[in-house]
Amino acid sequence: VCQPIIQLAVEIAREGREGRRIGTLFTVGDAARVLAHSRPLVLDPIAGHPAELRSIWNDDLRGTLKELAQLDGAFIFDETGSVVAGCRYLDAAASDVELPMGLGSRHLAAASITKVTRTIGMVVSESAIVRIFEGGRIVGDIIPELWLLSREHLAAKPRGSRRGKRTRVA
């Protein structure tokens, strides 16, 4: 479930919206507890839509989330990859969370919510870096261009090829 959400986060980090960088936050898993530790900032644009339209596996959702990412607040995904809420203020007080200097409130919110729930947080920073949080800590940094290059390299490897074996390209 995390893979397509990370892909979406990387796309948002690279593309931004209308020529400007934007940031957002996704949580994945433990949705009920995340909802209990959050509140809406505006009317929830996700509420009331059928489950099949809210699934990360639905290609139409990606464009919608890219547009909605311009709004304040976090998106909450359940463990099946269905977004259950958007534009949420995460209100989890974890005063013992430590972050590197220079990271802002979105990062603090992700660290805090992952400290008090069993969720994974993904922050798209306005500096175009995607950071992954678990257990109140940063567990990964993704630089979108390098991540895409590594995925392209993996996809370009021919399957079943062996070292030393030459293949003819027509």
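## Helices at a slant, strands in a sheet

Helices α1 and α3 lie oblique to each other. The reason is their angle of about 45°, since angles under 35 degrees would count as roughly parallel and 65 to 115 as roughly perpendicular. Please keep in mind that you are looking at a predicted model. The chain has 170 residues, and 44% of them are buried. Its secondary structure comes to five helices and seven strands.

**The chain as a whole**

- If you walk along the sequence, the elements come in the pattern α-β-α-β-α-β-β-α-β-β-β-α.
- Which share of the contacts with a separation of 6 or more links residues 24 or more positions apart? The share is 61%.

**How α1 meets α3**

- Helix α1 covers residues 2-15 and helix α3 covers residues 59-68, and their axes are 11 Å apart.
- The two helices, α1 and α3, cross in a right-handed way.
- On the α1 side, the contact is made by Pro 4, Gln 7, Leu 8, Glu 11, Ile 12 and Glu 15. On the α3 side, you will find Arg 62, Leu 65 and Lys 66.
- Sorted by class, this contact of α1 with α3 has four nonpolar residues, four charged ones and one polar one.

**Val 10, a buried residue of α1**

- Val 10 sits in helix α1.
- Is Val 10 buried or exposed? Its relative accessibility is 0%, so Val 10 counts as buried.
- Setting aside neighbours within four places in sequence, Val 10 is in contact with Val 130, Ile 142, Pro 144, Trp 147 and Leu 148.
- Try finding Val 10 and Ile 143 in the structure: they are 133 residues apart along the chain, yet their C-alpha atoms are separated by 8.1 Å.

**The sheet**

- Seven strands form an open sheet with mixed pairing, in the order β2-β4-β3-β1-β5-β6-β7.
- Which strands are at the edges? They are β2 (38-40) and β7 (137-142), each of which pairs on one side only.
- On average, neighbouring strands of the sheet are turned by 35° against each other, with direction ignored.
- As a bit of background, strands of a sheet pair through backbone hydrogen bonds, and the pairing can be parallel or antiparallel.

**Strand pairs you can trace**

- Start with β2 and β4: they run antiparallel and are joined by three bridges. Pro 40 stands opposite Arg 88 in β4.
- Next, take strand β3 (residues 74-77), which pairs with β4 in the antiparallel sense over three bridges. Here Ile 76 stands opposite Ala 85 in β4.
- Strands β3 and β4 form a hairpin with five residues between them. In this hairpin, Gly 81 takes a positive phi near 95°.
- Strand β4 (residues 83-90) has six buried residues out of eight, so this strand is largely enclosed by the rest of the structure.
- How many bridges join strand β1 (residues 24-28) to strand β5 (residues 120-124)? There are five, and these strands run antiparallel. Phe 26 stands opposite Met 122 in β5.

**Thr 24, a buried residue of β1**

- Thr 24 lies in strand β1.
- Because its relative accessibility is 1%, below the 20% limit, Thr 24 counts as buried.
- Leaving out residues up to four places away in sequence, Thr 24 touches Ile 12, Ala 69, Gly 73, Phe 75, Arg 106, Met 122, Val 123 and Val 124.
- You have met two of these names before: Ile 12 also takes part in the contact of α1 with α3, and Met 122 is the residue opposite Phe 26.

**Positive phi outside glycine**

- Asp 30 has a phi near 50°, a positive value in a residue other than glycine. You can find Asp 30 in the loop between β1 and α2 (31-36).
- Ala 128 is not a glycine either, and its phi is positive at about 70°. Ala 128 belongs to the loop between β5 and β6 (130-134).
- Although Ala 128 lies in a loop, it counts as buried because its relative accessibility is 11%.

Definitions and conventions:
Residues are numbered from 1 along each chain as its sequence is written. This is a predicted model: local features need pLDDT of at least 70, side-chain atom pairs count only at pLDDT 80 or more; totals for chains, interfaces and linings use all residues. Side-chain values use heavy atoms; hydrogens and water are left out. Axes are lines fitted to C-alpha atoms, for helices over the stretch in contact, and angles run from 0 to 180 degrees between N-to-C directions. Helices (H or I, at least four residues) and strands (E, at least two) are DSSP runs, numbered from the N terminus. Angles under 35 degrees count as roughly parallel, over 145 as roughly antiparallel, 65 to 115 as roughly perpendicular and the rest as oblique. A crossing is left-handed if the near helix is turned anticlockwise from the far one by less than a right angle, and right-handed if clockwise. Contact means heavy atoms within 4.5 Å. Ala, Val, Leu, Ile, Met, Phe, Trp, Tyr, Cys and Pro count as nonpolar, Asp, Glu, Lys and Arg as charged, and the others, Gly among them, as polar. Two strands pair if DSSP finds at least two bridges between them. Buried means under 20% relative accessible area, exposed over 50%, partly exposed in between (1.4 Å probe, protein chains only).
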